[in-house]
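Trainee: I'd like to go through this one with you and ask how each label is earned. Can we start with the strands?

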Amino acid sequence: MSEKTTPQDNGATGPVHDVAVLGGGSFGTAMTKVLGENGHRVHFWMRGESQAEEIRATGINSRYMPGIELTGDIQPTNDLADAVSRAEIVFVAIPSKAFRAVIRENSDKFRDDQIVVSLTKGIEEHGFKLMSEILQEEIPRCRIGVLSGPNLAAEIVNRDLTATVIAAKDPDVRRTVQDLLGCEYFRVYANVDIYGVELAGALKNIYAIVAGLASALEMGENAKAMLITRGLAEMSRFAVSLGANPMTFMGLAGVGDLIVTCTSSKSRNFRVGYAVGQGQNLDDAVADLGQVAEGIYTLKLVKEKAEAIGIYMPLVRGLYEILYGSASITAVINSLMMSVQNSDVEFILPRIITQ
């Protein structure tokens, strides 16, 4: 770590660190921008040489963040091993489908006790593994954390006020990430419930697709509020059955992230749902998006897992039938309305299970 202390115009101040960001998509770019503006040296890894060269030459990642200039000591690279070897802290923003393969291929490049933080909101298909679990399996000698919350990348790069959550068992990991990222527009709160924070980030993408569908069909504000809150009930019920803390879902990573992705057209998953609601087929909607909408993959995995462990998730089941079957959103909503009028808030009243 450099002993140099640099005050920044975004309110951050502190020692300069060497940090790696793995993944040149929208969120990796947003975190690179925050870190660079906070005065840190960022080793920004991406697969494409043309993408790296463009950022070197112009400071702009035009595919994912057109018109947004990355300032500070940003060092784009296609050499992941070099980026990791130079960094004290590594942020991983690789899509869930490629996450394990990239980490496994480069596992020997990570150092003992190196801090590695996942930024990816997704679930691995085989074994229903979260990204933190993949990191623990592939690089167990590292100290692991997870960053999640209501963090639309398009707003972060514009310095709109944003808060996030760093979840880690190790208090030094939590403090380090807070110091690295915290500034006048980006606040970092702490949590120890890694599994709950990470599951919340993955699960909310499903309900953002539902919300996009509802918006396209011009359902009322009451209906949208119902879908969001029943989505919160579903996701917390599911996560707690797998060992998460229910209170995590009352925070930024739970209800906070759910609100923003279910109400904003900046959300990729919301846009996919909106396109399908307007009559586009799923493959075309995803192709037009041009980026990964993790909720599409997460939906299948959660439906299978919920059925396997017997968790009642009518919105998950209904969305699956809409996207991969022949059901309509209206039919799914009607089915929800005709189900047993159960307890409002999970964990307060006993649930009457109906399928």
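Trainee: Which residues of strand β5 point one way, which point the other way, and are they buried or exposed?

Mentor: Keep in mind that this is a predicted model. In β5 (residues 115-118), I115 and V117 point one way, while V116 and S118 point the other way. All of them are buried. In a regular strand the side chains alternate between the two faces of the sheet.

Trainee: What makes β4 and β5 a pair?

Mentor: Pairing takes at least two bridges. Strand β4 (residues 89-92) is joined to β5 by four bridges, and the two run parallel; so they count as a pair. I89 stands opposite I115, for instance. Between those strands the chain goes through helix α4 (residues 96-105), in a right-handed β-α-β crossover.

Trainee: And what about β5 and β8?

Mentor: Those pair in the parallel sense too, over four bridges. V117 of β5 has G145 in β8 as its bridge partner.

Trainee: Why is F128 called buried?

Mentor: Its relative accessible area is 9%, and buried means under 20%, so F128 qualifies. F128 sits in the loop between β6 (123-124) and β7 (129-130), with a positive phi near 50° despite not being glycine.

Trainee: Why is R159 only called partly exposed?

Mentor: At 30%, R159 falls between the 20% and 50% cut-offs, so partly exposed is the right label. R159 lies in the loop between α6 (153-156) and β9 (162-167), and has a positive phi of about 65°.

How values were computed. Residues are numbered from 1 along each chain as its sequence is written. This is a predicted model: local features need pLDDT of at least 70, side-chain atom pairs count only at pLDDT 80 or more; totals for chains, interfaces and linings use all residues. Side-chain values use heavy atoms; hydrogens and water are left out. Buried means under 20% relative accessible area, exposed over 50%, partly exposed in between (1.4 Å probe, protein chains only). A crossover is right-handed if, with the strands pointing away from the viewer, the path from the first strand over the helix to the second runs clockwise.
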